Amino acid sequence: MKMVHVRLGVLATLTAISLIACATESEVLVSTTSTIAVATTLAESSTTVAAEPSFSATLGEPITDYDDPVDIAIRQTATLQSYIAERSGKIFELVTDGTKGSQVLDISDLTIAQGEQGLLGLAFTSDGSGAYVNYTNLAGDTVIASFLIADDGTFDKTSQNIITTIKQPYPNHNGGDIMVDTEGALYIFMGDGGFANDPDRYALDITSPLGKIWKFSPVDGRWNNGEAWAVGLRNPWRASLDPVTNDLWIADVGQDHWEEINVVPFDQVQGVSFGWSAREGTHEFNADQQTLHETFTAVEPVYEYEHVDNNCSISGGVVYRGSQVSVSGTWYIFSDYCTGKVQALCIDDQRKNCGVIDLGIVEKSVGIVADAQGEVWVLSQNGLIVPIITS
C-alpha cells in the first residue's frame, strides 16, 4: 500500500483565534502497515546529503489576494497540479508563481470559518478523479466527504458523499489534515476534541477517533467505521510526509507550556502513542493517563520549544525538497502562530536535532506547505502566502 498525497499547517490556543486544537485494542495493533510514495516533483539533488548540513533560505515577497488560506494539496493529472484551500470553504487552482487560479469548489454554505472551524483539509485520490475534504459543519462537527472532479478540473458539488461525521464536544482542537493511499484508505488527523487538558480523556482512548490518526478503509465499495492507527495527539493541525525518506512529520499544538514536533517512519506509525495527555512534549501532564500511554509504543518529540517570548502555537511544517534553495541534509520548516517566526530544524540520519535557524517573520502563520514542484509556502491568516526562496 503506497501513500500518494500529503499536506500540512496549524493553529492554536484558546486565547488566540486559530484553527490549531469503533475499534478494539487489538485492531490498532494488527492492521497491515503501509509505505508511502508522495506525488511531487523533486530536485535531482534532493536525495544527496552533504557531510555538513546547510540551508541557504529566506522568505520571498508575499503573494496577496487570499482569504485565510489553510492548505495546499497536489492532484495527479497528466501533470501535477496544486490547489489551495481557504477556510471559508473555497478551493482554487494554485499557479506556480503563487497566484490564485480558477475556483473549483465553494462549500461556504456548509461551514463557518470561525475560531478553529471551517474548511480545514484537502486531499486527492491517487488517480486525480476525486477529492476529499475535511470541514466542520454548521453544528461544529467534523465532516469527511468526497467529491468527483469534472474534466475541466472543477469539483462536482452535487456529488458530495459524506464518508463520516465525527461529533466534536467543543469548538476547538479539530485537527484537519487528510492523507490518502493508493488502495483508497484515508488517514484523518484528529485533535482531542477541545477545551483544555483533554478533559474527557479522548486522546488515548482507542474507541474514540479524537486525538488520533484515524484510518478509514474501503471494504466492498463501502467505508468501514475507522480504526485508531496512532494515538496521543492534542491538535495535529498539519502533518506531512518527507518524499525522500517516507518519514511522517507531525507538529502537535501544545497546552500551556510546550510545542512539539514528532517524526516517525510511516511504516512504524501504527500502534504508537505521541504522548498526549499523559505528556505535553517530554513533560509529564495528566498522571492518570501515563499507564495507558505506556501500553503503546511511545514516541518522544524530536524537538520542542517553550511558551516564552510570546511563542504560543506551532504551525507545522514540511521537509524542504524543492529545487530553488541550496540545501544539504534534512531541514523541516515550521513556524509559530503568535510570533510569526519561521524556522528550519535540521535533522541528522538518526532523526536527531542538529540545529535550528531563523528564516524570517510571517504574521499569523498557520501552515508551511509544499506545492507540486516541491517548493514551500508559508500560509498566513492575514490573507497571503509567502515563498521560501534562496538567500
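## Strand pairing and ring contacts

Threonine 58 has isoleucine 389, in β33, as its bridge partner. The model is predicted: local features need pLDDT of at least 70 and side-chain atom pairs count only at pLDDT 80 or more, while totals for chains, interfaces and linings use all residues. Residues are numbered from 1 along each chain as its sequence is written, and side-chain values use heavy atoms, with hydrogens and water left out.

**Strand β3 and its partners**

Threonine 58 belongs to strand β3, which covers residues 54–59. Strand β33 (residues 384–390) runs antiparallel to β3, and 3 bridges join the two; strands pair if DSSP finds at least two bridges between them. β3 also pairs with strand β27 (residues 326–328), again in the antiparallel sense and over 3 bridges. In that pairing, phenylalanine 55 of β3 has valine 327 of β27 as its bridge partner. The two faces of β3 differ in cover: Phe55, Ala57 and Leu59 make up the covered face, and Ser54, Ser56 and Thr58 the uncovered one. Phenylalanine 55, the partner of valine 327, is thus on the covered face, whereas threonine 58, the partner of isoleucine 389, is on the uncovered face.

**The chain as a whole**

The chain holds 2 helices and 33 strands (DSSP runs, H or I of at least four residues for helices and E of at least two for strands, numbered from the N terminus). It has 391 residues, and 61% of them count as buried (under 20% relative accessible area; over 50% is exposed, and partly exposed lies in between). The accessible surface of the chain is about 14300 Å² (Shrake-Rupley, 1.4 Å probe), and carbon and sulfur atoms account for 47% of that surface.

**An open sheet of 4 strands**

Strands β12, β13, β14 and β17 form an open sheet in the order β12-β13-β14-β17, with antiparallel pairing. β12 (177–180) and β17 (227–230) are the edge strands, each pairing on one side only. Strand β14 (residues 213–216) meets β17 in the antiparallel sense over 3 bridges. At one of the ends of β14, isoleucine 213 has alanine 230 of β17 as its bridge partner.

**Aromatic pairs**

The chain has 14 aromatic pairs (ring centres of Phe, Tyr or Trp, the last by its six-membered ring, within 6.5 Å; planes under 30 degrees apart are stacked, over 60 edge-to-face, the rest tilted). Tryptophan 276 and phenylalanine 285 form a tilted pair, with 4.7 Å from centre to centre and 40° between the planes. The ring centres of tyrosine 303 and phenylalanine 334 are 5.8 Å apart and their planes stand at 55°, so this pair is tilted too. Tyrosine 303 lies in strand β25 (residues 303–306) and phenylalanine 334 in strand β28 (residues 330–336), so the pair ties together parts that are 31 residues apart in sequence. Tyr303 and Phe334 also belong to a cluster linked by ring pairs, along with Trp249, Tyr305 and Tyr332.

The burial of the four residues in these two pairs is as follows.

| Residue | Relative accessible area | Class |
|---|---|---|
| Tryptophan 276 | 3% | buried |
| Phenylalanine 285 | 26% | partly exposed |
| Tyrosine 303 | 17% | buried |
| Phenylalanine 334 | 1% | buried |

**Charges over rings**

Tryptophan 276 also has arginine 234 over its face, at 5.5 Å from the ring centre (NZ of Lys or CZ of Arg within 6 Å of the ring centre and within 35 degrees of the ring normal). Elsewhere, the charged end of lysine 100 sits over the ring of phenylalanine 92, at 4.3 Å from the centre of that ring.

Key. Buried < 20%, exposed > 50% of the residue type's maximum accessible area, 1.4 Å probe, protein only.
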